[in-house]
Amino acid sequence: TWLASINTMENPHAEQQAVLIERITKNADKCTELILELNHCVEETIRANAHVKTAAALFAKYHKNVKYNLEATKGKESQI
């Protein structure tokens, strides 16, 4: 206790600083945990949307083909 009292006398704010550092550490740990959970949720969402992405790509390709075929048949209609 004598050594602790000397340290406290040397720095009267040491206890307050230790409490603040502990709070900062706990908050940083909570923040890290929440960011990891958020990353996990984002990864799940990306995996869940994989089918939607595939369907959208197929639809875009289908739309492009339909547009091409409509343009190709326009020229043939005027020849008939």
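## Exercises on a three-helix chain

The chain has three helices and zero strands. Helices (H or I, at least four residues) and strands (E, at least two) are DSSP runs, numbered from the N terminus. This is a predicted model: local features need pLDDT of at least 70, side-chain atom pairs count only at pLDDT 80 or more, and totals for chains, interfaces and linings use all residues. Residues are numbered from 1 along each chain as its sequence is written, and side-chain values use heavy atoms, with hydrogens and water left out.

**Exercise 1. Find which element has the lowest mean pLDDT and which the highest.**

Step 1. Take the order of elements. From the N terminus it reads α-α-α.

Step 2. Apply pLDDT, the predictor's confidence in each residue, from 0 to 100. The chain average is 87, and 81% of the residues score at least 70.

Step 3. Compare the elements. Helix H1 (residues 2-10) has the lowest mean, 57, and H2 the highest, 96.

Step 4. Draw the caution. Where pLDDT is low, predicted coordinates should not be read in detail.

**Exercise 2. Determine what percentage of the chain is buried, and how much area the chain exposes.**

Step 1. Set the classes. Buried means under 20% relative accessible area, exposed over 50%, and partly exposed in between (1.4 Å probe, protein chains only).

Step 2. Count. Of the 80 residues, 0% are buried.

Step 3. Turn to area, computed by the Shrake-Rupley method with a 1.4 Å probe; for residues, only the protein chains shown count as cover. The chain exposes about 7,900 Å², and carbon and sulfur atoms supply 63% of that.

**Exercise 3. Locate the salt bridges and place each in its helix.**

Step 1. Use the rule: a side-chain nitrogen of Lys or Arg within 4 Å of a carboxyl oxygen of Asp or Glu. The count is two.

Step 2. Take Lys26 and Glu22. Their closest N and O atoms are 3.4 Å apart. Both residues lie in helix H2 (residues 14-48), four residues apart, about one turn of the helix. Lys26 is partly exposed at 48%, and Glu22 is partly exposed at 44%.

Step 3. Take Glu71 and Lys74. Here the closest N and O atoms are 3.8 Å apart. Both sit in helix H3, three residues apart, again about one turn. Glu71 is partly exposed, at 47% relative accessibility.

**Exercise 4. Identify the residues of the nonpolar surface patch.**

Step 1. Recall the criteria. Patch residues have over 30% relative accessible area and no salt bridge; like charges are joined within 9 Å, nonpolar side chains (Val, Leu, Ile, Met, Phe, Trp, Tyr) within 5 Å.

Step 2. List the members: Phe59, Tyr62, Val66 and Leu70, with about 440 Å² of accessible area together.

Step 3. Examine Phe59. It lies in helix H3 (residues 50-79). Phe59 is exposed, at 57% relative accessible area.

**Exercise 5. State how many disulfides the structure holds.**

Step 1. Search for cysteine sulfur pairs within 2.5 Å. The whole structure yields zero disulfides.

Step 2. Check the exposure of Cys31 and Cys41. Cys31 is partly exposed at 41%, and Cys41 is partly exposed at 36%.
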